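I opened this one with a short list of things to look up. Here are my notes, in the order I made them.

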Amino acid sequence: MKLVLATGNRGKLREFRQMCEDEVVAFSDLLGAFDIVEDGDTFAQNALIKARTIYEKLKEKDPSTDYLVISDDSGISLPVLNGAPGIYSARYAGKDVTDKENLYKLVEAVKEKGLKSTPAYYTAAIAIVSKYGEYVVHGWMHGDVIDEARGEKGFGYDPMFIPAGFHKTLGELDDDIKKNISHRGKALALAKPIIQMLKTK
Ligand SMILES: O=c1nc[nH]c2c1ncn2[C@H]1C[C@H](O)[C@@H](COP(=O)(O)OP(=O)(O)OP(=O)(O)O)O1
Ligand SMILES: [Mg+2]
């Protein structure tokens, strides 16, 4: 069974493909690319919005196929910023901004607090939508963000995030380290048995 991933984020698509044994198809390959309005109040609500939207459009297009759609809504939260940017991580620097603009705005926010580093955590909510129902699982990754960006690996805020127990940023660490400790990897570890159960129904 193909897993359809309801994301437009290339970094996420790469990581899901690295972590999933099943073939992961980007929804844009089946439906063309389009934005989905994420107006939920939580990561879980936004993940469900994305997975439901793609599932419904696929069913309209091809009613005879059983699709299993998964999505990921994720972000970074800083207690020193009362949890910001949180669910607004993708648009922290504004509408239609790049990862780099978001990253450097958060680096500046850490500097404005007069800090060299401060605790932070990533949250990932993965939603699964199929004809048998809907499921949501979560994963978190704790660490610190620093007042500079180091390395080009990963995506988004990775160059300023140092996972707990490490001294390098996720911009400096390889994907094969990140996938074993990340919020996305932990959420996917919970999603996989559900996906397996749905595949065998
Ligand atoms: O592992 C990560 N490493 C670095 N940054 C990350 C990570 N995980 C999420 N993030 C950041 C990127 C984006 O600024 C926001 C996700 O926003 P989010 O709406 O879930 O994703 P998105 O808009 O990029 O793509 P989509 O909604 O199509 O899945 O948090
Ligand atoms: Mg998004």
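**Entry 1: D99.** I began with the contacts of D99, leaving out residues up to four places away in sequence, and found F155 and G156. This is a predicted model, so I read every value here as computed. D99 lies in helix α4, which covers residues 99–112. Is D99 buried, exposed or partly exposed? Its relative accessibility is 39%, so D99 counts as partly exposed. I also checked D99 against R52: the two are 47 residues apart in sequence, and their C-alpha atoms are 26 Å apart in space.

**Entry 2: the loop between β3 and α4.** I stayed with the loop between β3 and α4, where P85 is found. The peptide bond that leads from A84 into P85 is cis, and its omega is near -5°.

Next I looked at backbone angles. N82 is found in this loop as well, and N82 has a positive phi of about 55° although it is not a glycine. What is the relative accessible area of N82? It is 77%, so I noted N82 as exposed.

D96 lies in the loop between β3 and α4 too. Its phi is positive, at about 50°, and D96 is not a glycine either. With a relative accessible area of 68%, D96 is exposed.

**Entry 3: K50.** I moved on to helix α3, residues 43–61, which holds K50. Is K50 buried or exposed? Its relative accessibility is 6%, and because the cut-off for buried is under 20%, K50 counts as buried. I listed what K50 touches beyond four places in sequence: A6, K12, I36, E38, S71, D72 and D73. One distance went into the notebook as well: the C-alpha atoms of K50 and T7 are separated by 7.8 Å, with their positions 43 residues apart along the chain.

**Entry 4: L5.** L5 lies in strand β1. At 0% relative accessibility, L5 counts as buried. Which residues are in contact with L5, once neighbours within four places in sequence are left aside? I found K12, L13, F16, V24, V25, A26, F27, I70 and S71. I then took the C-alpha distance from L5 to D72, which is 8.3 Å for a pair 67 residues apart in sequence.

**Entry 5: F16 and the core.** F16 was on the list for L5, so I looked at F16 from its own side. Neighbours within four places aside, F16 is in contact with L5, V24, I70, D72, I126, R184 and L188.

Then I asked which members of the largest nonpolar core touch the most other members. The core has 20 residues, and the answer is F16, I70 and I128. Two or more residues of this core come from each of β1 (3–5), α1, β2 (24–26), β3 (68–77), β4 (117–130) and α6. The largest share, six residues, is given by α6. A general note to myself: nonpolar side chains tend to be buried together in soluble globular proteins.

**Entry 6: L198.** Since α6 had come up, I picked a residue from that helix: L198 is found in α6. L198 is buried, with a relative accessible area of 2%. Apart from residues up to four places away in sequence, L198 touches L68, I128, S130, Y132 and Y135. The C-alpha atoms of L198 and G133 are separated by 9.2 Å, and the two residues are 65 apart along the chain.

**Entry 7: α1 against α6.** My last stop was the helix pair. How do the axes of α1 (residues 10–19) and α6 (residues 183–199) meet? They come within 11 Å and cross at roughly 50°. That angle makes α1 oblique to α6. The crossing of the two helices is right-handed. On the α1 side the contact is made by K12, E15, F16 and M19, and on the α6 side by R184, G185, L188 and K192. Sorted by class, the contact has four charged residues, three nonpolar and one polar. F16 turns up here again, having already appeared in my core entry, and that is where I closed the notebook.

Methods
Residues are numbered from 1 along each chain as its sequence is written. Chains are lettered from A and ligands numbered from 1 in the order in which they are written. This is a predicted model: local features need pLDDT of at least 70, side-chain atom pairs count only at pLDDT 80 or more; totals for chains, interfaces and linings use all residues. Side-chain values use heavy atoms; hydrogens and water are left out. Axes are lines fitted to C-alpha atoms, for helices over the stretch in contact, and angles run from 0 to 180 degrees between N-to-C directions. Helices (H or I, at least four residues) and strands (E, at least two) are DSSP runs, numbered from the N terminus. Angles under 35 degrees count as roughly parallel, over 145 as roughly antiparallel, 65 to 115 as roughly perpendicular and the rest as oblique. A crossing is left-handed if the near helix is turned anticlockwise from the far one by less than a right angle, and right-handed if clockwise. Contact means heavy atoms within 4.5 Å. Ala, Val, Leu, Ile, Met, Phe, Trp, Tyr, Cys and Pro count as nonpolar, Asp, Glu, Lys and Arg as charged, and the others, Gly among them, as polar. A nonpolar core is a set of buried Ala, Val, Leu, Ile, Met, Phe, Trp, Tyr and Cys residues joined through side-chain atoms within 4.5 Å. Buried means under 20% relative accessible area, exposed over 50%, partly exposed in between (1.4 Å probe, protein chains only).
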